[in-house]
Amino acid sequence: MSVSLGIPAVRGEGGGAGGDGQEEPRPVAPRRRSRQIMVGNVPVGGDAPVSVQSMTTTLTSDVNATLQQIAELTAAGCQIVRVAVPSQDDAEALPAIARKSSIPVIADIHFQPKYVFAAIDAGCAAVRVNPGNIKKFDDKVGEIAKAASAAGVPIRIGVNAGSLDKRLLAKHGRATPEALVESALWECSLFEEHGFRDIKISVKHNDPVVMIEAYRQLAAACDYPLHLGVTEAGPAFQGTIKSAVAFGALLSQGIGDTIRVSLSAPPVEEVKVGAQILESLGLRRRGLEIVSCPSCGRAQVDVYTLAEQVTAGLKDFPVPLRVAVMGCVVNGPGEAREADLGVASGNGKGQIFVKGQVIKTVPEAQIVETLIEEAMNIATEMGFEIDEDGAVTGPGATVVVG
C-alpha cells in the first residue's frame, strides 16, 4: 500500500465534526517566533508548519535502496529526510540521492569534515553536523560557512548528550541542559563570526526531562529554528511515549519547528508517530481518526475487537474522517453524532451515524462492514473514486483499503 501527500484536507458537508469542512487546527499555544530557513522547498521556523523528519536505515551508498526507503517515508508523510554519510562511498552516492529524492535530503555528518563539503557540492538541501564528534571542528567553521553560504545550504548544529564535547563534559560533569545549550550556542557564535546565520539547532538527550529543559533554555537564548528529538528513545512503545511526552511539553509552549521521533523500529513508524503527535496537538490537519471507548462494565458489545477491525479495515484510508466506535449508550450516541461517521453499540446491534444523523441500525456482526461501506460513500461524495478492487483514488492519493 502507498499513500502520497497532497490529500485534500476537508471533511464532507453536513453535520458531525466536519461541518462544512474540516476545522482549521487550533494549536494549544502560540508558536515561538524564530527566524526562518529553507530546507530545500520546505520552510522551517517562522510561521511555517512544524515538519516531520526521519532518517533512512539503508546504506546510503546503496542508492536504489535508499531512494526506495525515502519513497516509503514520503508516502507515510515524511517531509524532510536525513541520510548518514560515514564513508566516501556514501558521499559519492549523495548527488544521485539528492537529485532523485522527492523530499529534501539532509546529509548527516560525523567525524569527517570533508564530507560536509561533499554534501554541499552534491546538492543536499541541508547538512547536519555534530561538533562533538568532529575533531577540531571549530577550525573548519569558516570554510564550512563560506561553502554553505555560497550554495544556499543551511546547517543544523546537532548536539547530542552521548557525543558532547569533552571540554564541556569536564566543565559541567555530565550532559546537563546547560552543557547542551552552551555547546550549541558556542558553535552558532563561530558561524555568526563569519556572517552565517542559516542555522537550525538540536540539543538531544535520551532523558525527556533533561531534553525539555535544554530546549526551553535554548528557546529563550536564541531565535534559531529548533529541531526536536529525544535521542535513542528506545523500542517502539517506550520511544513513542518518551517522544510524545517531550514533544507535547515543548510544542504546547510553542517551542519546536521540526521533529524526529527516534525509534528502534522501521523509520516509517517514526513518521506515523510524529504525524500523530502533531495532529493531536492541532499542529497538523487530522487525517483518519478513530475515536473509540476503552470499554467498561457497561459495554454490551466487544469494543476492542470492533475498534481493531475498523482500524484494520480503514488502514491507510486517505480521506480525513473522524470515525467513532462506541460500546454503550452513555457516551456512545453523543460521540457518534459528533463524528463524521460512527456507531453507538448495545444489545448486540449498533446505530450507524453519518454526519450527525442515524441512518440505520445493524446487527453487531455487520457493524464493521457497514462502517467501511459508509466511509467509502463519504469518500465518493468528497470527490474520491473507488474502483472494483477497492482502490481509493483522489488528488495525490491511491490506496487499496481493507
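**Exercise 1.** Find which residues Ile-201 is in contact with, leaving aside its neighbours within four places in sequence.

*Solution.* Begin with the meaning of contact, which is that heavy atoms lie within 4.5 Å. With neighbours within four places in sequence left aside, the partners of Ile-201 include Ile-157, Ala-184 and Cys-188, and also Leu-218, Cys-222 and Tyr-224. The list for Ile-201 further holds Pro-225, Leu-226 and His-227. This model is predicted, so that local features need pLDDT of at least 70 and side-chain atom pairs count only at pLDDT 80 or more, whereas totals for chains, interfaces and linings use all residues. Residues are numbered from 1 along each chain as its sequence is written, and side-chain values use heavy atoms, with hydrogens and water left out.

**Exercise 2.** State how many residues the largest nonpolar core has, and which of them have the most contacts inside it.

*Solution.* A nonpolar core is a set of buried Ala, Val, Leu, Ile, Met, Phe, Trp, Tyr and Cys residues joined through side-chain atoms within 4.5 Å; here buried means under 20% relative accessible area, exposed over 50%, and partly exposed in between, with a 1.4 Å probe and protein chains only. The largest such core has 79 residues, and Phe-191, Ile-201 and Phe-247 have the most contacts inside it. Apart from this core lies another, of 29 residues, among them Val-354 and Met-376.

**Exercise 3.** Determine whether Ser-183 is buried or exposed, and name its contacts.

*Solution.* First locate Ser-183, which lies in helix 6 (residues 177–192), where helices are DSSP runs of H or I with at least four residues, strands are runs of E with at least two, and both are numbered from the N terminus. Next, take the relative accessible area of Ser-183, which is 5%, so this residue is buried. Finally, leaving aside neighbours within four places in sequence, Ser-183 is in contact with Val-159, Leu-164 and Leu-168.

**Exercise 4.** Work out where Gly-239 is found and which residues Gly-239 touches, not counting residues up to four places away in sequence.

*Solution.* Gly-239 is found in helix 8 (residues 236–251), and because its relative accessible area is 0%, Gly-239 is buried. Not counting residues up to four places away in sequence, Gly-239 touches Ala-233, Gly-234 and Leu-263. As a last step, consider Val-273, which is 34 residues apart from Gly-239 along the chain, while the C-alpha atoms of the two are separated by 9.8 Å.
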